[in-house]
Structure formats: structure tokens, C-alpha cells
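Biologist: I'd like to go through this one with you and hear the reasoning behind each label. Could you pull it up?

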Amino acid sequence: DEIRAAGGQATLVPVDLSDAPAIEKLGPALLQRWGKLDILLANAGILGPLTPLTHASVKEWNRVFDTNVTANWRLLKSVEPALQASDAARVVLMSSGAAHKCLAYWGPYSISKAAVEAMARTYAAETATTPLKVMLVNPGPLRTRMRAEAMPGEDPQTLRTPEELAPHLVALASPDWSETGKIFDFPQGKVLTPQMPA
């Protein structure tokens, strides 16, 4: 409504990210309607079970990976032709400090976020000679439902809000953003280069 009130156009496309055929249709539909896609902000993610790694069920493990990794990969795969049609495409994938901390009982979530980071860095390397830029974001602890689920005893008023992160996401998606394959760490307020093994 706000976009339309400002004179722009907007379309809402409700898609279940576990519906692979629907995701496959999304990219071609965007390309046909708009001729390109300038920004993909891939934020699909669930917490999954907080349990010892070997106690997670196969069903729980698959659900976390299907949502956090595979859905984001399918989405990227579907919209890539539309991204390639843009002269300044930007892909932003949401990660987590959990990808690096590897805390006890956070196994499926931590491992899935590490996979998202590997996916983003791989895609950044593959598109390095194009105008497309790929960035990761570690939002840190934010006042969200997922954080409340993970830390039910935590006072949410002590946390930063998604609205505080939003201007940084806008900057990463802007046409003048020039870095790729890096992580914007919101808690530190800076871009970090992932450490590569020797």
C-alpha cells in the first residue's frame, strides 16, 4: 500500500517455499512481467530443534535444510535469469553468528547457516566478472519471533529491532554497492571478509 501510495507498483506473490514447482515458476513470471530483477533478499529460515546434534530427527533435520538452504538455492536458481538481465543486480542472503559459533544444541540451524554462507560465497565467485553482487548479513540478536523462540527468558526490549537493520539492507542492495562475497556483520557494524583456509 505504501509503495502504491508513493506512485510505484507492487505485487504480492504468496509462495510456500517448500513448493518447488511454485518457486520454479516465480523467476520466469518476474522476468516476463518486469524484464529484470534488481534485488533478491533471501530471508527464508527456521530455527529448528535446539537439541543435541544426534538427537534431532531426520524429519527435523530435513525441514531445517529444506527451508534454510534448499529453498534459498531454488529461489536463486529460479530468479537468476531475471537477475542477469539487471545492470546492477544485488543478492543478499541472511546468515547468522550461529554459522561460526557452532554452539552446543544449535546443530541443524548452525550447520544450515554455514551452508548458506558457502552458497553465497560460491555464487559470488561465479558472478565476480558480472555486475551482480552477492552479500551475506549476520543480523545478530534482533527482536524477532525466532529469537524469542530460541531465548524465551530474554527481555526483548534489550534487543535491536529489524527496523534498525533495514537501512543497512537498503545500502547492500543499492546500485552503488561494490563489494561481493562478504558478510555485513550488524552487531559490529561493518563488512567482514570471510577467512579462507590456507
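Biologist: Which residues touch the most other members of the largest nonpolar core?

Modeller: Leu40, Leu83, Val91, Leu93, Tyr123, Leu132 and Val134 do, in a core of 26 residues. Before we go on: this is a predicted model, where local features need pLDDT of at least 70, side-chain atom pairs count only at pLDDT 80 or more, and totals for chains, interfaces and linings use all residues. Numbering starts from 1 along each chain as its sequence is written, and side-chain values use heavy atoms, with hydrogens and water left out.

Biologist: What makes a set of residues a nonpolar core?

Modeller: The members are buried Ala, Val, Leu, Ile, Met, Phe, Trp, Tyr and Cys residues, joined through side-chain atoms within 4.5 Å. Buried means under 20% relative accessible area, exposed means over 50%, and partly exposed is in between, with a 1.4 Å probe and protein chains only. In soluble globular proteins, nonpolar side chains tend to be buried together.

Biologist: Which elements give two or more residues to the core around Leu40 and Val134?

Modeller: Those are α2 (20-34), β1 (39-42), α3 (58-84), β2 (90-94), α5 (107-126) and β3 (133-138). Helix α3 supplies the largest share, eight residues. There's also a second, separate core of 11 residues, with Met94, Leu169, Leu172 and Phe186 among them.

Biologist: What makes a stretch a helix or a strand here?

Modeller: Both are DSSP runs numbered from the N terminus: H or I over at least four residues for a helix, E over at least two for a strand. The chain has seven helices and five strands, and from the N terminus on they run α-α-β-α-β-α-α-β-α-α-β-β.

Biologist: Why is the chain called as compact as a globular protein of its length?

Modeller: Its radius of gyration is 17 Å, and the globule rule gives 16 Å for 198 residues; the two are close, so the chain earns the label. The radius is taken over C-alpha atoms, and the rule is 2.2 Å times the number of residues to the power 0.38. Those C-alpha atoms fill a box of roughly 45 × 45 × 35 Å along the principal axes, and buried residues make up 39% of the 198.

Biologist: How much of the contact count comes from residues 24 or more positions apart?

Modeller: They account for 66% of the contacts with a separation of 6 or more. A contact is heavy atoms within 4.5 Å.

Biologist: Why is Thr180 called partly exposed?

Modeller: Its relative accessibility is 25%, which falls between the two cut-offs, so partly exposed is the right label. Thr180 lies in the loop between α7 (162-172) and β4 (182-185). Leaving aside neighbours within four places in sequence, Thr180 is in contact with Ala124, Leu132, Lys133, Val134 and Met135.

Biologist: And from the side of Val134, which residues does it touch?

Modeller: Not counting residues up to four places away in sequence, Val134 touches Val91, Leu93, Ala120, Tyr123, Ala124, Thr127, Thr180, Gly181 and Lys182.

Biologist: How do you know whether Ser110 is buried or exposed?

Modeller: Its relative accessible area is 5%, under the cut-off, so Ser110 counts as buried. Ser110 is found in helix α5, and beyond four places in sequence, it touches Ala98, Ala99, Cys102 and Leu103.

Biologist: What about Cys102: why does it get the label it has?

Modeller: At 54% relative accessibility it passes the upper cut-off, so Cys102 is exposed. Cys102 sits in the loop between α4 (98-101) and α5.

Biologist: What is notable about phi of Cys102 and Tyr105?

Modeller: Most residues other than glycine have a negative phi. For Cys102 phi is near 50°, a positive value, and for Tyr105 phi is near 75°, positive too. Tyr105 is also in the loop between α4 and α5.

Biologist: Why are Lys59 and Gly7 both called exposed?

Modeller: Lys59 has a relative accessible area of 72%, so it clears the cut-off, and Gly7, at 68%, does so as well. Lys59 lies in helix α3, while Gly7 belongs to the loop between α1 (2-5) and α2.
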